[in-house]
Amino acid sequence: MRDLWIRAWERPVVELPALAHFNEAKVPPGMVLPPHRHDTFEVCLIVAGRAHWTNPDGTFSLGAGDLYITSPGEVHDGRADARDPQHNYAIGFDLGSLVAGIGDPALGAAEASAVDALAPRRRVIPGGGRTARIFAAIRQELEELPAVSDPQRRMSIVMLQALLVELAVMVTRLAIAARVGDDAHLAAPTRRDFALVDQRLHASLGAPPSLAEMASWMGLSPGHFAVAFKRAFGRTPLEHLTRLRIEAAAERLRSDRRTSVTGVALDFGFCSSQYFSEVFKRVTGRTPSGWRAGE
């Protein structure tokens, strides 16, 4: 179509199979997206304009700033508004395959899946305009991805991993915030219950528990635990646990200068020093080495 503009990547990074596809599109009014499906979760952000998308749960109208979630294997289709051109980003990814075992990406994926499983599922999540920066950064990394033989390629892949986790955390936080309002009628655990959970988290920073394990401490499903936790702490379980680990790591960096940054990262359950550095800088505004040096 003459007025359609799209930039798309399919399986763009062989070293990062978790990233299935990514695209940015500017769609003319009334354009129809035929029925299709994906093997992974897909998150779409409407940057501008309006759209009407259909899945087995029904047809949903979306506007600027809305996020739309599609489950793996689910047939869905869409149509741009008849009068309002649309600009969107879409990404398909599987965070659970980023690392083996328990880690920030795995916990992020567990939170997203648990919240998605709550009935009725939230297909449209408001307030997603804050994710536009992350989508744009992913697009830039893909556009500038070095060749396989370039030593800089490894750092670009680390950055893409960090951006995928950041996107999943942001989307999950917005979904949980929406569910907090939806589930306001549910009985919430007591303040003492959450104080005990917080104590156990402080005691397990080197081996972070899974979402299911945390939920089992309170006898809740993972999804309802995530929603109740957000209501109590103002952060998702992953956000809270990550902040606790970074605060403890920051203290260790200055009190124990014999242990390397990599050693500190591994001691607090981070999968690599590169990923630890990205998260540390996001939380504190400084690199681990800069923090240790007092810069």
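Helix α4 meets helix α7 through Asp198, Leu201 and His202 on the α4 side and His240, Leu241 and Leu244 on the α7 side, where contact is taken as heavy atoms within 4.5 Å. Helices here are DSSP runs of H or I with at least four residues, strands are E runs of at least two, and both are numbered from the N terminus. By class, the residues of this contact split into three nonpolar, two polar and one charged; Ala, Val, Leu, Ile, Met, Phe, Trp, Tyr, Cys and Pro count as nonpolar, Asp, Glu, Lys and Arg as charged, and the others, Gly among them, as polar. All of this comes from a predicted model, in which local features need pLDDT of at least 70 and side-chain atom pairs count only at pLDDT 80 or more, while totals for chains, interfaces and linings use all residues. Residues are numbered from 1 along each chain as its sequence is written, and side-chain values use heavy atoms, with hydrogens and water left out.

As for geometry, the α4 and α7 axes come within 10 Å and cross at roughly 45 degrees. Axes are lines fitted to C-alpha atoms, for helices over the stretch in contact, with angles running from 0 to 180 degrees between N-to-C directions. The pair is therefore oblique, given that under 35 degrees is roughly parallel, over 145 roughly antiparallel, 65 to 115 roughly perpendicular and the rest oblique. The crossing is right-handed, meaning that the near helix is turned clockwise from the far one by less than a right angle (anticlockwise would be left-handed).

Helix α4 also packs against α5: Asp193, Phe194, Val197, Arg200 and Leu201 in α4 touch Met214, Trp217 and Met218 in α5. That contact divides into six nonpolar residues, no polar ones and two charged. The two axes come within 10 Å, crossing at roughly 140 degrees, which makes α4 oblique to α5. This crossing, too, is right-handed.

Leu201 turns up again in the largest nonpolar core, a set of 30 residues in which Leu201, Phe225, Phe270, Phe276 and Phe280 have the most contacts. Such a core consists of buried Ala, Val, Leu, Ile, Met, Phe, Trp, Tyr and Cys residues joined through side-chain atoms within 4.5 Å; buried means under 20% relative accessible area, exposed over 50%, and partly exposed in between (1.4 Å probe, protein chains only). Elements giving two or more residues to this core include α3 (153-182), α6 (222-233) and α9 (273-284), and α7 gives the most, with seven. Leaving aside neighbours within four places in sequence, Phe280 is in contact with residues including Ile246, Ala250, Leu253 and Trp291. A second, separate core has 28 residues, among them Phe22, Val43, Ile134 and Leu163.

Back in α7 (residues 237-255), threonine 242 counts as buried at 8% relative accessibility. Threonine 70, in strand β7 (residues 67-70), is buried as well, at 1%. Beyond four places in sequence, threonine 70 touches Thr40, Phe41, Glu42, His76 and Arg123. Arginine 11, by contrast, is partly exposed at 47% and lies in the loop between β1 (5-10) and β2 (19-27). Phi of arginine 11 is near 45 degrees, a positive value in a residue other than glycine.

Overall, the chain has ten helices and ten strands, and 49% of its 295 residues count as buried.
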